[in-house]
Amino acid sequence: MIRGGERFGSFGLATPPARHAIPADHAIALLKSGAAKPGSLLGYGNGRSYGDTCQNHAGSVVDMRPLNRVRVFNAGTGVLEADAGVLLRDIISHAAPYGFFPAVVPGTQFVTLGGAIANDIHGKNHHRRGTFGCHVESLTLLRSDGNTCRCSDTDNARLFRATIGGMGLTGLILSASIRLMRVPSLDVVETVTPFGDLGQFFELAEAADQANEYAVAWIDQLAGGHGRGRGLLFAGNHAEHGSHTASRANARLSVPLQPPFNVLNRPFLTAFNAAYRWKKGRSPAPRQVGYQGFFFPLDGVGDWNRLYGPKGLFQHQCVVPEEAARLAVPALLEAARRAGQGSFLTVLKRFGKVRSPALLSFPRPGYTLTLDFPNRGERTLELLSELDRITVEAGGAVNPYKDARMGAETFAASFPDWQRLEALRDPAFMSDFWARTAKKLDERRGMAEAAE
């Protein structure tokens with residue numbers, strides 16, 4: 001059932017929304033009674049994943065948002081325990097007056113705690129703090145055998161590592177305890193450094209990571225000729241003297257209706273990129289900015305994904321090893337240019353060597369490039385396949401929770417240990433992503449073994 005006509009879709013809008021959604025208390029009752037059928041469930045946070053890791057068309061998604069309490073917060077240590085459906089926005093608001101902030105945040109604060117764990121999200125400071133999973137103390141997991149278990153480094157450790165980055169497939173995360181980071185204020189002192197090409201970026205990137213808590217680059221993906229590869233490197237550190245009060249997260253602007261066509265076309269993107277580069281890069285002097293603008297700039301525009309039109313968008317995020325990046329990153333950008341596809345958001349940053357406890361985790365040492373494209377059907381899918389090919393040949397990986405179409409072979413090349421997660425997957429839980437990648441690989445393996 002879907003209550004009140006609410007849609008449980010993915011943020012990319014390129015995949016159909018869920019056919020069935022059930023409340024968390026209904027799913028909990030099914031699991032505790034042992035009545036949940038194979039492949040029938042998948043936890044659903046706030047729908048900020050771009051693809052189909054949050055969808056289960058063969059069964060039901062479980063709306064976790066009503067489970068949204070902050071249970072306990074230790075203002076001395078920064079350890080916070082909360083329900084899985086609480087938003088990062090609310091964690092920030094709760095902890096900010098005490099001088100704490102999540103150690104890792106993605107590009108939006110409208111993700112749930114359970115979703116952040118299930119996807120092992122990363123932020124602008126991976127080089128220092130690693131992934132979100134590095135800061136999870138423990139979690140409570142409900143399985144289809146009716147057992148509720150506490151998982152940590154010392155209790156049910158294998159299940160703990162499988163659940164972090166496990167895309168919701170090991171059971172229903174009910175709550176978690178996480179370590180927050182002490183900060184002098186929420187505000188950030190930001191420095192913006194223009195660079196003329198990718199060679200300059202690579203020369204700047206490692207030094208920026210060493211000197212700053214946060215570092216990320218924006219690339220003018222449409223620039224050609226002498227401007228090819230130009231962009232802006234954003235670096236930041238929490239301000240010593242700034243606000244300890246979380247600001248209201250309401251969007252200043254919104255897109256109330258979905259236009260019948262893609263608004264973010266090439267002429268618009270060309271003009272936008274030029275204006276953005278001029279505005280952000282005109283002053284090299286550090287300036288103090290609010291945390292909302294630094295970490296979550298697009299949260300200021302409600303439903304901005306509607307600008308891509310009724311067919312939605314595909315996002316492609318990959319990571320390639322450092323030794324391959326100087327060839328692979330230009331090749332990825334050139335492939336998009338050759339295909340005539342413009343990316344509204346093109347982000348490049350350096351991952352560090354901090355290891356995640358997760359069994360499967362997307363970040364690894366190297367450089368990660370994020371591109372997004374309006375869904376133009378087959379030609380967009382062909383481009384995305386080409387980006388996959390370049391990534392895999394460079395020894396890299398494609399991000400599952402940004403994906404809506406990668407093939408089983410690309411997934412296997414990106415995550416060669418996928419069978420370890422399949423072995424710990426709860427049989428009652430399935431996603432559209434896992435069905436079209438890992439399960440297909442599993443079926444092929446079974447057929448090969450039967451033929452031997």
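Here are a few notes on one helix pair and on the empty spaces in this predicted model.

1. Let's start with the helix pair. Helix 6 covers residues 198-211 and helix 9 covers residues 322-338. Their axes come within 11 Å and cross at roughly 135 degrees. An angle over 145 would count as roughly antiparallel and 65 to 115 as roughly perpendicular, so helix 6 ends up oblique to helix 9. The crossing of helix 6 past helix 9 is right-handed.

2. As for who touches whom: helix 6 brings Leu198, Gly199, Phe202 and Glu203, and helix 9 answers with Ala325, Arg326, Val329, Pro330 and Leu333. Sorted by type, the residues of this contact come out as six nonpolar, one polar and two charged.

3. Now the open space. The second largest pocket holds about 380 Å³. Its lining runs to 18 residues, and those nearest the centre are Arg355, Ala358, Ser361, Pro363 and Arg364. If you're setting up the chemistry of that lining, the split is eight nonpolar, five polar and five charged.

4. Then the enclosed space. The count is three cavities of 30 Å³ or more, and the largest cavity has about 60 Å³ in it. Around the largest cavity sit Asn119, Gly165, Met167, Leu360, Ser361, Phe362, Asn399, Pro400, Tyr401 and Phe415. That lining has six nonpolar and four polar residues, with no charged ones.

5. One residue to keep in view is Ser361: it is among the residues nearest the centre of the second largest pocket, and it also lines the largest cavity.

Note on methods
Residues numbered from 1 in each chain as written. Predicted model: local features only at pLDDT ≥ 70, side-chain atom pairs only at ≥ 80, totals over all residues. Heavy atoms only, no water. 1 Å grid on protein atoms, 1.4 Å probe; cavity = no way out; pocket = protein on both sides within 12 Å on 5 of 7 lines; lining within 4 Å. Points joined across faces, edges and corners; volume = space filled by probe spheres on them. Nonpolar A, V, L, I, M, F, W, Y, C, P; charged D, E, K, R; others polar. Axes fitted to C-alpha atoms, helices over the stretch in contact; angles between N-to-C directions. Helix = DSSP H or I, 4+ residues; strand = E, 2+ residues; numbered from the N terminus. Parallel < 35°, antiparallel > 145°, perpendicular 65-115°, else oblique. Left-handed = near helix turned anticlockwise from the far one by under 90°. Contact = heavy atoms within 4.5 Å.
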